[in-house]
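Colleague: Could you take me closely through one part of this model, strand by strand, and explain the terms as you go?

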Amino acid sequence: MKPRLYVAIALYVGSYFPLTIILLSQNVQTTAWSEISFVLQHWITPRMDRILSSWLISILAVSVSFVCLLVTTYLLRTFDADRDVKVVSVKPCSSDLLNYVLPYVVSFMNLDYSNGKTMAGFFMFMIWLFWITYKSGQIIMNPLLTVFGWRLYEISYHFLGDTTVYNGVGLSKTPIEPNQDYKQRSLQDVLIMK
């Protein structure tokens with residue numbers, strides 16, 4: 001099953017929620033750290049433009065990314081696995097989720113929400129990464145899923161009633177064991193196992 005484009009976009013943007021938090025923290029004015037400390041101590045909210053240099057863009061990026069992360073977790077929780085399979089062999093492969101590290105390196109370059117040219121380039125970079133990820137069938141590879149208990153496995157399996165063994169990548173919130181039956185449904189090239 002290939003996800004609809006808007007679902008793929010939500011999966012992709014939600015996976016970069018930590019990146020938006022990193023960029024938000026780097027967007028705080030140098031002089032504002034003492035004000036933030038004061039705010040945290042006294043529960044007073046000063047004007048946002050004294051804390052964040054581009055507060056509207058920063059808050060919008062974090063909000064959109066967070067909503068997309070919530071959509072991702074909701075979709076996976078309600079995803080209907082409808083085909084019965086028996087797992088023949090299984091091997092954890094959590095390193096594939098770390099392939100999303102590259103964009104996080106970008107956050108430590110001189111990236112400022114208020115610099116239009118830099119942000120335009122970063123936006124184009126993220127669009128290209130989305131397109132490559134979407135076309136490669138790996139849109140569900142979200143490293144944040146490990147935080148919510150999801151694990152990635154290389155599995156050999158066969159459909160119940162069939163002896164042909166297939167190999168694939170399975171994503172599951174419960175541990176996958178060999179010689180066990182599971183329900184699965186594929187999302188691009190990844191099997192969602194329940």
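Modeller: What follows is a close look at strand β2 and its partners. This is a predicted model, in which local features need pLDDT of at least 70 and side-chain atom pairs count only at pLDDT 80 or more, while totals for chains, interfaces and linings use all residues. Residues are numbered from 1 along each chain as its sequence is written, and side-chain values use heavy atoms, with hydrogens and water left out.

Strand β2 covers residues 151-159, where strands (E, at least two residues) and helices (H or I, at least four) are DSSP runs numbered from the N terminus. Of the 9 residues in β2, 7 are buried, buried meaning under 20% relative accessible area, as opposed to exposed at over 50% and partly exposed in between, with a 1.4 Å probe and protein chains only.

On one side, β2 pairs with strand β1 (residues 83-92) in the antiparallel sense over 7 bridges, and two strands count as paired if DSSP finds at least two bridges between them. Within this pairing, K91 has E154 of β2 as its bridge partner.

β2 also pairs with strand β3 (residues 166-172), again antiparallel and over 7 bridges; here R151 stands opposite S172, and S156 stands opposite N167. These two strands, β2 and β3, form a hairpin with 6 residues between them, and in the turn G161 has a positive phi of about 90°.

From β3 the pairing continues to strand β5 (residues 190-193), this time in the parallel sense over 4 bridges, with G170 standing opposite L191 of β5.
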